[in-house]
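Here's a friendly walk through a protein model for someone meeting it for the first time. Have a look at the sequence and the structure, then read on.

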Amino acid sequence: MPSDKATAAAPIATGIALAGAAVREIAQHGLGLWTALALAGGLSAVAVGCGVLTGRGWLSADNDRGGQGNRTPVALVALALTCIAVGAGIALT
């Protein structure tokens, strides 16, 4: 199994790239629905990566409480993936 640092690198790098692109787009053209979604997705991905890096993510053994754990990281992952998918779909059209 890869280390937590290697696992956390992908969402952090992707999130920074997506959030940076959204901020540039907001600076040039103003806030829109899709840029807000891209910004939220990028920040969510960074939050998930930081959670994995600090050991508070959904992959940590400390978070397993027999199904009673905190579901916030899972919600952030779902939000990030949805925003990335919608942003990619819009970019391709």
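## The big picture

Let's start with contacts across the chain. Taking contacts in the protein chain between residues at least 6 apart in sequence, 62% join residues at least 24 apart. Keep in mind that this is a predicted model.

What is the secondary structure of the protein chain? It comes to 3 helices and 0 strands, and from the N terminus on, the elements run α-α-α. Of the 93 residues in the protein chain, 22% are buried. The chain exposes about 6,000 Å², and carbon and sulfur atoms supply 66% of that.

## Helix α2, end to end

Helix α2 covers residues 33-54. With its 22 residues, α2 reaches 31 Å from its first C-alpha to its last, close to the 32 Å expected at 1.5 Å a residue. Just after α2 comes Gly55, which takes a positive phi of about 90°.

Which residues are buried in α2? Here's the roll call: Thr35, Ala38, Gly41, Gly42, Ser44, Ala45, Val48, Gly49, Gly51 and Val52. Two of these, Thr35 and Ser44, get a closer look below.

## Thr35 and what it touches

Thr35 sits in helix α2. Its relative accessibility is 13%, so Thr35 counts as buried. The side chain of Thr35 reaches the backbone nitrogen of Gly32, at 2.9 Å.

What is Thr35 in contact with, once you leave aside its neighbours within four places in sequence? The list is Ala22, Glu25, Ile26 and Gly30. Ala22, Glu25 and Ile26 fall in helix α1, which takes in residues 4-29.

## Ser44, facing α3

Ser44 is another resident of helix α2. Why does Ser44 count as buried? Because its relative accessibility is 6%, while the cut-off for buried is under 20%. A polar atom of the Ser44 side chain lies 2.7 Å from the backbone oxygen of Ala40.

Setting aside neighbours within four places in sequence, Ser44 is in contact with Leu76, Leu79 and Ala80. These three belong to helix α3, which runs over residues 72-92.

## More meetings between helices

Leu37 also has its place in helix α2. It is partly exposed, because its relative accessible area is 27%. Not counting residues up to four places away in sequence, Leu37 touches Cys83 and Val86. Leu37 and Gly87 are 50 residues apart in sequence, yet their C-alpha atoms are 7.6 Å apart in space.

Val74, found in helix α3, is partly exposed as well, with a relative accessible area of 48%. How far apart in space are Val74 and Val48, C-alpha to C-alpha? The answer is 8.6 Å, with their positions 26 residues apart in sequence.

Ile84 is also placed in helix α3. At a relative accessible area of 31%, Ile84 is partly exposed. With neighbours within four places in sequence left aside, Ile84 is in contact with Thr14 and Leu18. The C-alpha atoms of Ile84 and Gly15 are separated by 9.4 Å, although these residues are 69 apart along the chain.

Over in helix α1 you'll find Ala21. Ala21 is partly exposed too, with a relative accessible area of 34%. Ala21 and Leu39 are 18 residues apart in sequence and 8.2 Å apart in space, C-alpha to C-alpha.

## A nonpolar patch on the outside

Now for the surface. Which residues form a nonpolar patch there? They are Leu33, Trp34 and Ile90, and together they have about 310 Å² of accessible area.

Leu33 belongs to helix α2, and its 56% relative accessibility is why it counts as exposed. Compare that with Thr35 in the same helix: at 13% relative accessibility, Thr35 counts as buried.

Key:
Residues are numbered from 1 along each chain as its sequence is written. This is a predicted model: local features need pLDDT of at least 70, side-chain atom pairs count only at pLDDT 80 or more; totals for chains, interfaces and linings use all residues. Side-chain values use heavy atoms; hydrogens and water are left out. Patches are made of residues with over 30% relative accessible area and no salt bridge: like charges are joined within 9 Å, nonpolar side chains (Val, Leu, Ile, Met, Phe, Trp, Tyr) within 5 Å. Accessible areas come from the Shrake-Rupley method with a 1.4 Å probe; for residues, only the protein chains shown count as cover. A salt bridge is a side-chain nitrogen of Lys or Arg within 4 Å of a carboxyl oxygen of Asp or Glu. Helices (H or I, at least four residues) and strands (E, at least two) are DSSP runs, numbered from the N terminus. Buried means under 20% relative accessible area, exposed over 50%, partly exposed in between (1.4 Å probe, protein chains only). A polar contact is a pair of N or O atoms within 3.5 Å; within protein, one must be able to donate a hydrogen and the other to accept it, and residues adjacent in sequence count only if both atoms are side-chain atoms. Contact means heavy atoms within 4.5 Å. The expected span of a helix is 1.5 Å times one less than its number of residues.
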